Amino acid sequence: MNIILFGPPGAGKGTQADNIVKNFNLHKVSTGDLLREEINKKTPFGDEIKAKIDKGSLVSDELIVNLIVQILSNKKFYNKLVFDGYPRNLNQATNLDILLKKYNQKISCVLSLKVDKNVVVKRILGRQTCIKCGLIFNQYFKPSTKENHFCGNQFLEKRSDDNEKIILNRFQTYLDITLPIIKYYKKLNILHEINGEAEIEQIYKEISAIIASLET
Ligand code: AMP
């Protein structure tokens with residue numbers, strides 16, 4: 001099955017995607033992570049991508065389509081994907097449907113995490129990512145400890161776009177451009193809305209129950 005995790009920046013999509021991937025043997029596709037990899041690899045598009053990300057606006061749909069085609073066409077990931085941060089606008093959503101048809105796949109459900117702007121800001125300001133294993137922590141809400149993280153705290157980094165000014169731009173981009181997609185998935189009858197302000201474990205409990213109900 002393929003799943004879309006939907007919600008504003010800082011809603012906890014990445015954290016929940018990590019949980020889902022681990023327990024349901026799926027593969028996470030975070031377009032944000034893929035774009036940051038492009039920047040680190042210093043590809044020809046790296047500078048263009050960095051400029052957009054550092055402003056809190058979206059990168060071009062063409063760039064994103066290329067990344068998604070590489071994943072959808074890979075047999076290793078066939079019907080095993082958890083999309084985190086994609087699609088981000090209506091054009092990407094309709095394009096994804098075309099690509100899914102082409103590669104004989106479908107989306108089983110869209111899990112929308114609802115979180116208020118103030119909570120998002122607080123969460124993003126505490127966010128830390130391990131550059132070694134990719135796991136996401138939060139210095140206030142989910143600190144890295146010896147029990148939940150084996151790489152060590154020296155590998156924890158903050159993202160360059162996780163500062164207060166850019167967060168507000170990213171949230172506005174979400175409201176103006178990304179949120180309208182919700183109507184599209186509501187019409188397709190595959191949307192599940194979840195309170196993203198609950199505890200991480202509680203949210204995951206709800207998510208895993210939805211996924212389990214789809215499997216049977
Ligand atoms: P994220 O890691 O999902 O918070 O994404 C970080 C940044 O990458 C966003 O603010 C956008 O600039 C860019 N980005 C990520 N995913 C997409 C996408 N699907 N379409 C356009 N831009 C994206």
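**Salt bridges, ligand shell and unusual backbone spots**

Q: How far apart are the closest N and O atoms of the salt bridge that Asp-33 forms with Arg-36?
A: This is a predicted model, in which local features need pLDDT of at least 70 and side-chain atom pairs count only at pLDDT 80 or more, while totals for chains, interfaces and linings use all residues. Residues are numbered from 1 along each chain as its sequence is written, and side-chain values use heavy atoms, with hydrogens and water left out. A salt bridge here is a side-chain nitrogen of Lys or Arg within 4 Å of a carboxyl oxygen of Asp or Glu, and for Asp-33 and Arg-36 the closest N and O atoms are apart by 2.8 Å.

Q: Why are Asp-33 and Arg-36 separated by about one helical turn?
A: Both residues belong to helix α2, which covers residues 31-40 (helices are DSSP runs of H or I with at least four residues, strands are runs of E with at least two, and both are numbered from the N terminus). The separation is about one helical turn because, within helix α2, Asp-33 and Arg-36 are three residues apart.

Q: How many salt bridges does a search of the whole structure find?
A: The pair formed by Asp-33 and Arg-36 is a salt bridge. When the search takes in the whole structure, the number of salt bridges found is eight.

Q: Which helix gives the largest share of the shell around the ligand?
A: There are 16 residues around the ligand (each with a heavy atom within 4 Å of it), and Thr-31, Arg-36, Ser-57, Arg-88 and Gln-92 come nearest. The largest share of this shell is four residues, and they come from helix α2.

Q: How much of the ligand's accessible area does the protein cover?
A: A polar side-chain atom of Arg-88 lies 3.0 Å from a ligand oxygen, which falls within the 3.5 Å limit for a polar contact between N or O atoms. Backbone atoms take part as well, since a backbone N or O atom of Val-59 lies 3.2 Å from a ligand nitrogen, and a polar backbone atom of Gly-85 is 3.2 Å from a nitrogen of the ligand. On its own the ligand has 480 Å² of accessible area (Shrake-Rupley method, 1.4 Å probe), and the protein covers 96%.

Q: Which residue does a cis peptide bond join to Tyr-86?
A: The bond has an omega of about -5 degrees. The partner of Tyr-86 is found in the loop between β3 (81-84) and α5 (90-102), and it is Pro-87.

Q: What is the phi of Asn-25?
A: Asn-25 is found in the loop between α1 and β2 (27-30). The phi is positive in this residue other than glycine, with a value near 55 degrees.

Key: Polar contact = N/O pair within 3.5 Å; in protein donor to acceptor, adjacent residues only side chain to side chain.
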